[in-house]
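Please open the structure in your viewer and keep the selection tool at hand, as this tour moves from one selection to the next.

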Amino acid sequence: MPAFDLLEPRDVLLGRTTHVRRLLPHKVQRTIGAWCFLDHYGPDDIRRTGGMWVPPHPHTGLQTVTWLFEGLGRHLDSLGSDQLIRPGQLNVMTSAHGLCHAETSPGDAPSTLHGVQLWVALPDEHRDSAPPDFAHVDTLPAFTLGDVSVTVLVGELAGHRSPAPAYSPLVGAELRLPRGSVADLPVDPAFEHGLLAVDEAVTVDDETVDRHRLAYLGTGRTSLRLGAPESDARVLLLGGMPFEERLVMWWNFIGRSHEEIVEQREAWNGSGVDFVPGRFGRVEGVDAPRLLAPPLPTVRLRPR
Ligand code: MN
């Protein structure tokens, strides 16, 4: 019996041509710390898929975290941000009470797109009061453990702290493991951790994690022994203090009750596509109608 759970991705179609592998929320584990959403996409040939094309849509109660392994992306939001993102850089948008954004592949983007889209749930005490914010972080802390190179995206790892804004104790990091390498990564035992095998199989404490799987490691570990026996491999590490608040996640909103989601949906949809919602504002510079929220289910949404 393996010492951890292996979470399989499920295939989700975004738009008409873009398939993503959704790993959080997952029926086995809904959150890892405050990390509550993980879509892994690519490597895709954007000449075939059309690339990233997400029209203006809202968020509440969360931070979006964008990280590319390959390619080029463009972020626009209702704060007026218009930002390109490349591998090695991080985009963090703190929606708090309400923001909207759009994501596209610029015309001159390279043909391969590969990355992750993550959400971090904001704790109740911050979700309405945190200032709506967009941060583009160009330079992230990096260090090596033997042959393994580590980049800290969010939070702190082995004494290295990312400048990205965070509202709960958590960590996100990318590790690059050359073929044949083994490294012992010190981690916070109060955190639960998850580890995504991004492109090739890796080992965690000598057990195999196949590519595209997320190993859920729970709490209580002081170090992780990581290896890449077969080929060079990249992993994404997520961790945090177990998030004790129960969430209602529906469409692009995170609330705490059915009524709140109803209110957020009405505030966004308003009277239709041409409505400018005061709570979320407007994304300028994108030639696409905003995405309206679908009808609510006929049953009440329950916190989970
Ligand atoms: Mn979004």
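The tour below goes from the whole chain to a sheet, then to the nonpolar cores, and ends at a single serine.

This is a predicted model, in which local features need pLDDT of at least 70 and side-chain atom pairs count only at pLDDT 80 or more, while totals for chains, interfaces and linings use all residues. Residues are numbered from 1 along each chain as its sequence is written, and side-chain values use heavy atoms, with hydrogens and water left out.

**Whole chain.** Select the protein chain, which has three helices and 25 strands; helices (H or I, at least four residues) and strands (E, at least two) are DSSP runs, numbered from the N terminus. Along its principal axes, the C-alpha trace spans about 60 × 45 × 35 Å. Buried residues, meaning those under 20% relative accessible area (exposed is over 50%, partly exposed in between, with a 1.4 Å probe and protein chains only), make up 56% of the 304 residues.

**An open sheet.** Next, select strands 17, 22, 19 and 20, which in that order form an open sheet with antiparallel pairing; two strands pair if DSSP finds at least two bridges between them. At the edges are strand 17 (182-186) and strand 20 (207-209), each of which pairs on one side only. Zoom in on strand 17 and strand 22 (residues 223-227), which run antiparallel and are joined by five bridges, and find A183, whose bridge partner in strand 22 is L226.

**Nonpolar cores.** Now select W35, L38 and L90, the residues with the most contacts inside the largest nonpolar core, which has 35 residues. Such a core is a set of buried Ala, Val, Leu, Ile, Met, Phe, Trp, Tyr and Cys residues joined through side-chain atoms within 4.5 Å. Its largest share, five residues, comes from strand 11. Apart from this core lies another, of 27 residues, among them L157, A173, V235 and L237.

**A serine in a loop.** Finally, select S81, in the loop between strand 7 (73-77) and strand 8 (82-85). Is S81 buried or exposed? S81 counts as buried because its relative accessibility is 16%. The side chain of S81 makes a polar contact with the side chain of D77 (2.9 Å); a polar contact is a pair of N or O atoms within 3.5 Å, where, within protein, one must be able to donate a hydrogen and the other to accept it, and residues adjacent in sequence count only if both atoms are side-chain atoms.
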